[in-house]
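This report concerns salt bridges and the solvent accessibility of the residues that form them.

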Amino acid sequence: MAEQNEESPAAQETAAALDPAAQKNAQLLDLLHRLFGADTFTDVEEPYGLLTVTTTRERIHDIISGLQQDQELQLNFLTTMCGIHYPENEGKELGMIYHLHSLINNIRLRIKIFFPIADPVVPTMTDLYSTANWMEREAFDFYGIIFSGHPNLIRILNVEDMDYHPMRREYALEDGTREDKTDLFFGR
């Protein structure tokens, strides 16, 4: 199998010059580096044209606050935020993903943070976005992520006396002992 071809930096710049979304993302990334420093963001990607950056939970509140207040970007809408669990990433098992959107400039940005499952504490965004309230409660309910400073961090969909978080990848997807689920009946 042939090795994957990697484009040269000059070819990437030429492609970016032809693609307006890539140009907008390059400008946004430059602005992020000017506002917060180039070392603040790691793992910069553009899946499906959406600029995606990774930072730390220690910096996330300041970054999102700065982006919300920036008059040039006007990232004033928190589209969504959700928890994620990658048990194979030791020391970074849990994470949060924040999607920000400027309705005025039509700019979208995805920011990710990762942290250990043993210390699932993240600063709340409820002081910046009212919509963060229920989204943080959902992440707490399903992943066990604790949002420091949240005004009412209780389960939102599951019963309060649950002692586990169902979206963590700690449980088998299927019960291997079931006899009614054979390949014969399910085409496997």
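Is Arg-168 buried or exposed? Arg-168 counts as buried because its relative accessibility is 14%, where buried means under 20% relative accessible area, exposed over 50%, and partly exposed in between (1.4 Å probe, protein chains only).

The model is predicted, so local features need pLDDT of at least 70 and side-chain atom pairs count only at pLDDT 80 or more, while totals for chains, interfaces and linings use all residues. Residues are numbered from 1 along each chain as its sequence is written, and side-chain values use heavy atoms, with hydrogens and water left out.

Four salt bridges are present in the structure, each defined as a side-chain nitrogen of Lys or Arg within 4 Å of a carboxyl oxygen of Asp or Glu. Three of the pairs are listed below.

| Pair | N to O distance |
|---|---|
| Glu-58 and Arg-57 | 3.6 Å |
| Asp-141 and Arg-155 | 2.5 Å |
| Arg-168 and Glu-170 | 3.8 Å |

In the pair of Arg-168 with Glu-170, the partner Glu-170 is partly exposed, at 41%. Shared partners join Arg-57, Glu-58 and Asp-119 into one salt-bridge network. Within this network, Glu-58 is exposed at 59% relative accessibility, whereas Arg-57 is buried at 13%.

Asp-141 forms its salt bridge with Arg-155. Asp-141 lies in helix α4 (residues 132–143) and Arg-155 in the loop between β7 (146–148) and α5 (183–186), so the pair ties together parts that are 14 residues apart in sequence; helices (H or I, at least four residues) and strands (E, at least two) are DSSP runs, numbered from the N terminus. Asp-141 is buried at 0% relative accessibility, and Arg-155 is buried at 7%.
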